[in-house]
Amino acid sequence: MKKYFLDAGTTWSKILTVENGAKTYEILPTARLKTLDIEFMAATGHSSSFTNVLHYENEVVALAYGAKEQLNRGNIVLDLGSRDIKWVKFKDGKFSDMDWNTNCASATGATIEMLLKFYNVDIKELEVSDEKYAVTCGIFGLEKIMDDVAKGVPPKIAISKFIKGIAFNAWNFTRNPDKLCISGGFCENECFIKSISSYCEVISLGRFVLVEGLYNNFNK
């Protein structure tokens, strides 16, 4: 019997399928969720309402269950997605602190994807910038990027400065830790990982932490 677990993000959704103890992972556009004839054992994310779900879990709780090993070591785990930013911290094996912001972090991931397509820039072309834009979210970053490009700054340089600003804001949002675990799509953005690594030690956990948290909590 297959069991399905879903992290339904704004742009991309992550699915964990478990059959006879074997796990498979899939990433698909969230718009495709409506076409799936699947009953999910558990789901998290605001887009999960598009599907048939037995149990819904809060995203921060799913993050905590998925990153439990790192949290038990005293690390802070940050999940930076397309539309929000959230982090959680344990101390001595117990919940210690957390924060979640859907306003100042709005559209960060989505904005980067849009900019890369608009300016025809390959994400692999991005290099870490020494400079950063002092912006708090993707919406406000657009103006600075377009102004710089209009002045002759290469798009890949402007986007890299934006990413450096996001990295700095994420580090500040988690209260300037010496070590930070990263979850979510930004794990695959090498420019972001290198940018935030200039402020602290970084451990990349990948994109499937929340579905692993659902599995840990509901696979009983």
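Is C181 buried or exposed? Select C181 and look at its surroundings: this cysteine is buried, with a relative accessible area of 0%. Keep in mind as you go that you are looking at a predicted model.

**Stop 1: the cysteines**

Stay with C181 and show the sulfur atoms. The closest cysteine sulfur belongs to C200 and lies 9.6 Å from that of C181, which is too far for a bond. Now add C187 to the selection. C187 is in no disulfide either, and its nearest cysteine sulfur, the one in C181, is 9.6 Å away. C187 is also buried, with a relative accessible area of 14%. If you would like to hunt for disulfides elsewhere, you can save yourself the trouble: a search of the whole structure finds zero.

**Stop 2: the whole chain**

Zoom out and switch to a cartoon view. You should be able to trace seven helices and ten strands. Along the principal axes, the C-alpha atoms fill a box of roughly 60 × 45 × 30 Å. The radius of gyration is 18 Å, which agrees with the value near 17 Å for a compact globule of 220 residues. Of those 220 residues, 50% are buried. Contacts across the sequence are worth a thought here: among those between residues at least 6 apart, 58% join residues at least 24 apart. Turn on the surface and you will see about 11,100 Å² exposed, with carbon and sulfur atoms supplying 50% of it.

**Stop 3: the largest nonpolar core**

Hide the surface and select I159, F162, I182, F192 and I196. These touch the most other members of the largest nonpolar core, which has 34 residues. Colour the elements that supply at least two residues each to this core: strands β6 (76–80), β7 (85–91) and β9 (179–183), together with helices α3 (108–118), α4 (138–150), α5 (155–173) and α6 (190–196). Which of them gives the most? That is α5, with nine residues.

Next, centre on F192 and show what surrounds this side chain. Beyond its neighbours within four places in sequence, F192 is in contact with L80, I163, I166, A167, I182 and F186. Another core, of 21 residues, lies apart from this one; to find it, select F5, L16, V77 and V211, which are among its members.

**Stop 4: helix α7**

Select residues 209–218, which form helix α7. Nine of its ten residues are buried, so the helix is largely enclosed by the rest of the structure. The buried ones are V209, L210, V211, E212, G213, L214, Y215, N217 and F218.

**Stop 5: two loop residues**

Go to the loop between α3 and α4, where you will find S129. At 11% relative accessibility, S129 counts as buried. A polar atom of the S129 side chain lies 2.8 Å from the backbone oxygen of E131. Leaving out residues up to four places away in sequence, S129 touches S160, K161 and K164.

Finish in the loop between α5 and β9, at N176. N176 is partly exposed, with a relative accessible area of 37%. Show the side chains of N176 and N172, and you can pick out a polar contact between them at 2.6 Å. For a last distance to check in your viewer, choose the C-alpha atoms of N176 and T108: they are 20 Å apart in space, while the two residues are 68 apart in sequence.

Methods: Residues are numbered from 1 along each chain as its sequence is written. This is a predicted model: local features need pLDDT of at least 70, side-chain atom pairs count only at pLDDT 80 or more; totals for chains, interfaces and linings use all residues. Side-chain values use heavy atoms; hydrogens and water are left out. A nonpolar core is a set of buried Ala, Val, Leu, Ile, Met, Phe, Trp, Tyr and Cys residues joined through side-chain atoms within 4.5 Å. Buried means under 20% relative accessible area, exposed over 50%, partly exposed in between (1.4 Å probe, protein chains only). Helices (H or I, at least four residues) and strands (E, at least two) are DSSP runs, numbered from the N terminus. Contact means heavy atoms within 4.5 Å. A disulfide is a pair of cysteine sulfur atoms within 2.5 Å. The radius of gyration is taken over C-alpha atoms; the globule rule is 2.2 Å times the number of residues to the power 0.38. Accessible areas come from the Shrake-Rupley method with a 1.4 Å probe; for residues, only the protein chains shown count as cover. A polar contact is a pair of N or O atoms within 3.5 Å; within protein, one must be able to donate a hydrogen and the other to accept it, and residues adjacent in sequence count only if both atoms are side-chain atoms.
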